[in-house]
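Grab your viewer and try these short exercises. Each one comes with a worked solution, so have a go before reading on.

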Amino acid sequence: MVLAAVLGLVGALVYGTFLEWFIHRFVMHTSKISRLAFDRHAIAHHTERRSLKAFYASPEEEYHYEIGESSFVPVLWFLHLPIFFVVWRFISIPAAITLATGGLLYLIAYEVLHFYIHAPRNYLFQRTRLFRFYCEYHRLHHHKARVNYNVVMPLADLILRTFSMESMRPEPSAPDYVCPDTGPKTAFRKASRV
């Protein structure tokens, strides 16, 4: 029972990283599946939050930048109900519960991380090395949109060979407490020691 629950949670995280990668790469960065998603993300978001220009929302802009911008997140979770039901019916109830819970937590983590990466507020977690890694990792994506599609967990980027740790010059719009390092290699090295 415990093993099934652990496998459900691990399965949710692994599946989540690939689902995030696929949606980010093929829905949000091409207009083939959804013109609306492409326009909102690749055109509007990447233009407004361009690396080396205005990656971070200034305090005056923060009221425009809201958490949970994507109203599709709850829909995406509900679209997976048949999978949760199949796991419930044919594998085990604990596996289905942790799969559903892990999937929901992954979606929430995406929204929260992405929001706080772009709208820093000087919270304690935003001053950690791990969070600085997330900032630099995502900032590189906003500089070169063909790398670093993952926000929560870069496993799919590693496996699908879109992972990049290229150094960039410091972000002009960066508050000192978020990304004081010179690039993602430094941030990653420090994040791995956290």
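Below are three exercises, on confidence, salt bridges and helix packing.

First, some ground rules: this is a predicted model, where local features need pLDDT of at least 70, side-chain atom pairs count only at pLDDT 80 or more, and totals for chains, interfaces and linings use all residues. Residues are numbered from 1 along each chain as its sequence is written, and side-chain values use heavy atoms, with hydrogens and water left out.

**Exercise 1. Find where confidence is lowest and where it is highest in the protein chain.**

Solution. Start with pLDDT, the predictor's confidence in each residue, from 0 to 100. The chain mean is 83, and 85% of the residues reach 70 or more. Next, go by element (helices are DSSP runs of H or I, at least four residues, numbered from the N terminus): H8 is lowest with a mean of 43, while H7 is highest at 96. Then look at residues 182–194, where pLDDT is below 50; beyond near neighbours in sequence, that stretch has 26 contacts in the model (heavy atoms within 4.5 Å). A word of caution: where pLDDT is low, don't read the predicted coordinates in detail.

**Exercise 2. Work out which residues the salt bridges join into one network with Arg139.**

Solution. The structure holds 5 salt bridges (a side-chain nitrogen of Lys or Arg within 4 Å of a carboxyl oxygen of Asp or Glu). Take arginine 139 and glutamate 136: their closest N and O atoms are 2.9 Å apart. Both sit in helix H6 (residues 129–143), 3 residues apart, which means about one helical turn between them. Now add glutamate 171, whose bridge to arginine 139 has its closest N and O atoms 2.8 Å apart. Glutamate 171 lies in the loop between helix H7 (155–159) and helix H8 (184–191), so this pair ties together parts 32 residues apart in sequence. Sharing partners, the bridges join Glu136, Arg139 and Glu171 into one network. As for accessibility, glutamate 136 and arginine 139 are both buried (under 20% relative accessible area; exposed is over 50%, partly exposed in between, with a 1.4 Å probe and protein chains only), and glutamate 171 is buried too.

**Exercise 3. Describe how H1 and H5 pack.**

Solution. Two packed helices are described by the angle and the distance between their axes. Helix H1 (residues 2–26) and helix H5 (residues 93–118) have axes that come within 7 Å and cross at roughly 35° (axes are lines fitted to C-alpha atoms over the stretch in contact, and angles run from 0 to 180 degrees between N-to-C directions). Finally, check who touches whom: residues including Gly8, Ala12 and Gly16 in H1 meet residues including Thr98, Gly102 and Tyr106 in H5.

Technical notes: Helix = DSSP H or I, 4+ residues; strand = E, 2+ residues; numbered from the N terminus.
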